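Here are a few exercises to work through with the model open beside you. Try each task before reading its solution.

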Amino acid sequence: QVQLVESGGGLVQAGGSLRLSCAASGRTFSSYRMGWFRQAPGKQREFVGITDWSGGSTYYADFVKGRFTISRDNAKNTVYLQMNSLKPEDTAVYYCAAEGGVVGTFDYWGQGTQVTVSS
């Protein structure tokens, strides 16, 4: 089906930037949307943002608006999460996911990449 692999995580100081990548392989289709989620220690997984492959419809959680940007490289089947002005509370494992045929249901998930923001 679809395999998703996140990369680009690491350790960064507060105020710094990171760009995460989510590479999709297998059979991919422009019909499904790609989402970013994160899970901080001791917390439930939370929604970060979502986009479609055309870039025509992109949404962000309120807490990242103005700091995070989702972009795409359709030729590489890759979605990016550009994170600027990082805060310690952004520390989490970040996951990408692909929405299936049902809106709001993500059928495919990557393994996650660790983002650690130091103060």
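**Exercise 1: one residue in a strand**

Task: decide whether Asp107 is buried, partly exposed or exposed, and list its contacts outside the local sequence.

Solution. Start with accessibility: Asp107 has 44% relative accessibility, so it counts as partly exposed. The classes are buried under 20% relative accessible area, exposed over 50%, and partly exposed in between, with a 1.4 Å probe and protein chains only. Next, place the residue: Asp107 belongs to strand S10, residues 106–109. Strands (E, at least two residues) and helices (H or I, at least four) are DSSP runs, numbered from the N terminus. Then look for contacts, meaning heavy atoms within 4.5 Å. Apart from neighbours within four places in sequence, Asp107 is in contact with Ala98, Gly100 and Gly101. Finally, check a distance: the C-alpha atoms of Asp107 and Val48 are 17 Å apart, with their positions 59 residues apart along the chain.

A word on the ground rules: this is a predicted model, where local features need pLDDT of at least 70 and side-chain atom pairs count only at pLDDT 80 or more, while totals for chains, interfaces and linings use all residues. Residues are numbered from 1 along each chain as its sequence is written, and side-chain values use heavy atoms, leaving out hydrogens and water.

**Exercise 2: the overall build**

Task: how many helices and strands are there, and what does the radius of gyration say about the protein?

Solution. Count the elements: the protein has 0 helices and 11 strands. Now turn to size. For 119 residues, a compact globule would have a radius of gyration near 14 Å, and the protein agrees because its value is 13 Å. That radius is taken over C-alpha atoms, and the globule rule is 2.2 Å times the number of residues to the power 0.38. Along the principal axes, the C-alpha atoms fill a box of roughly 40 × 25 × 25 Å. As for contacts between residues at least 6 apart in sequence, 51% join residues at least 24 apart. Of the 119 residues, 41% are buried.

**Exercise 3: the core**

Task: find which residues have the most contacts inside the largest nonpolar core, and which strands supply it.

Solution. Such a core is a set of buried Ala, Val, Leu, Ile, Met, Phe, Trp, Tyr and Cys residues joined through side-chain atoms within 4.5 Å. The largest one has 27 residues, with the most contacts inside it made by Leu4, Met34, Trp36, Phe68, Leu81, Met83 and Tyr94. Strands S1, S3, S4, S7, S8, S9 and S11 each supply at least two of its residues. To follow one member, take Leu4: beyond four places in sequence, its contacts include Cys22, Met34, Cys96 and Trp109.

Then visit Ser21, in strand S3. Ser21 has a relative accessible area of 15%, so it is buried. Among the residues Ser21 touches beyond four places in sequence are Val5, Trp36 and Tyr80.

**Exercise 4: backbone angles in loops**

Task: where do Asn77 and Ser85 lie, and what is the sign of phi in Asn77 and Ser85?

Solution. Begin with the background: most residues other than glycine have a negative phi. Asn77 sits in the loop between S7 and S8, and its phi is positive, about 50°. Ser85 is in the loop between S8 and S9, with a positive phi near 50°. Last, check accessibility: Asn77 is partly exposed because its relative accessibility is 25%, and Ser85 is partly exposed at 41%.
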